[in-house]
Amino acid sequence: MALSEERKKEILETVKHLRVTDIRDGLDWMGHHHFGTVSPEIRPLWRTKSAGFALTMRHIPTQEVVPTMTPDEYTSYAYEYWYDKVFENDLPEVIDDTTFMVVDTCNTPTPAVGSMDSMIWAALGAKGMLTNGGTRDSDENLESKHLPIWSRWIVQPMYQGRVEWGGHSMPVEIGGQIINPGDLIVADGDGAIVVPEKLIDGVLKYAIQESEGDKVARGALFDVLGIARNESTKSVFDVEPHPFAPTAEKLAKLLRRD
């Protein structure tokens, strides 16, 4: 059963207080040690954080050969034929403010995202995008930072003559992980991770447990190191204390200060 829009927003409100590493821990606690982590070669264009629910799509390597023509004829070919016919899609109708764009380019070094389409997606509400392909116009994207992007490559080409539109809302493979429409995507400076819809509640329960335990230890160690406590040391969730949260006494013993 698909999640309601209200429930999606509740989940994203929770996730904004968690790191990718916390989600990784939650998956481990649910017994999914070898599932979820997208290949570390897929990296953020800049260090940022975002989360959303997967809108999957596929770009298929084309078998078409670009015919010989004049440059002016090529302009019409690229925009009237390739973009209006070969790459025509209805993405604007299915993007909302919980969407995380997930683009499988079949591992071709082509632009899964550029400055123009990323601005359109952001204007429609998309939270971020993840691809096993490339980012184009990266300098412009870095300057405006309008849409968080996790990609395998930075590339130069346009779509025409290289890939065709292969549809959306199907299972895709990104960085060694199968991603289905509606899966939760969480991404930050440590990369991206995917949580199947059926596991979200359990994963979040234990991600919160480990995050809250880490905050206790982090705060105590900040004190030892003379670092001012900050948001990363403050409890966020009203949950039972971590059953193995380190006490000041345990840390003192570990640091041989008892």
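## A guided tour of the predicted model

The protein contains seven helices and 13 strands. The model is predicted, and the stops below are best followed with the whole chain displayed first.

**The whole chain.** Display all 258 residues of the protein, of which 46% count as buried. Along the principal axes, the C-alpha atoms fill a box of roughly 80 × 40 × 30 Å. A surface representation corresponds to about 13600 Å² of exposed area, 53% of it supplied by carbon and sulfur atoms. Among contacts with a separation of 6 or more, 75% are made by residues 24 or more positions apart.

**Helix H1.** Select residues 5–15, which form helix H1. Which residues of this helix are buried? They are Lys8, Ile11, Leu12, Thr14 and Val15. Viewed down the axis of H1, these buried residues fall within an arc of 155 degrees, and therefore they line one face of the helix. To see what they pack against, add strand S2 (50–61), strand S12 (184–188) and helix H6 (200–225).

**Helix H2.** Next, select residues 20–29 for helix H2, where Val20, Asp22, Ile23, Arg24, Gly26 and Leu27 are buried. The packing partners of these buried residues are S12, strand S13 (191–195) and H6. S12 and H6 should thus be kept on display from the previous stop, since the buried residues of H1 also pack against them. Following H2, select glycine 31, which has a positive phi near 85 degrees.

**The S4-S6-S8 sheet.** Hide the helices and bring up three strands that form an open sheet in the order S4-S6-S8, with parallel pairing. Which strands lie at the edges? These are S4 and strand S8 (153–154), each of which pairs on one side only. Strand S6, residues 134–135, is joined to S8 by two bridges, and the two run parallel. Within this pair, select threonine 135 and look across to isoleucine 154 in S8, which stands opposite.

**Two loop residues with positive phi.** Most residues other than glycine have a negative phi. Two exceptions are worth selecting.

- Cysteine 106 lies in the loop between strand S3 (99–104) and strand S4 (111–113). Its phi is near 55 degrees, a positive value in a residue other than glycine. Is cysteine 106 buried or partly exposed? Cysteine 106 counts as partly exposed because its relative accessibility is 33%.
- Lysine 145 is located in the loop between helix H5 (138–144) and strand S7 (149–151). Phi of lysine 145 is near 50 degrees, again positive in a residue other than glycine. With 43% relative accessibility, lysine 145 counts as partly exposed.

**The nonpolar surface patch.** Finally, return to the surface representation and select Leu221, Val224, Leu225, Ile227, Leu254 and Leu255. Together they form a nonpolar patch with about 520 Å² of accessible area. Which helix gives the largest share of the patch? H6 does, with three residues. One residue to centre on here is leucine 225, which is found in helix H6. Leucine 225 has a relative accessibility of 60%, and so it counts as exposed, the cut-off for exposed being over 50%. Helix H6 therefore appears at several stops of this tour: the buried residues of H1 pack against H6, those of H2 do likewise, and H6 supplies the largest share of the nonpolar patch.

Definitions and conventions
Residues numbered from 1 in each chain as written. Predicted model: local features only at pLDDT ≥ 70, side-chain atom pairs only at ≥ 80, totals over all residues. Heavy atoms only, no water. Buried < 20%, exposed > 50% of the residue type's maximum accessible area, 1.4 Å probe, protein only. Helix = DSSP H or I, 4+ residues; strand = E, 2+ residues; numbered from the N terminus. Arc of directions from axis to C-beta. Contact = heavy atoms within 4.5 Å. Pairing = 2+ DSSP bridges. Patch = residues over 30% accessible without salt bridge, like charges linked within 9 Å, V, L, I, M, F, W, Y side chains within 5 Å. Areas by Shrake-Rupley, 256 points an atom, 1.4 Å probe, with all protein chains shown as cover. Salt bridge = Lys/Arg side-chain N within 4 Å of Asp/Glu carboxyl O.
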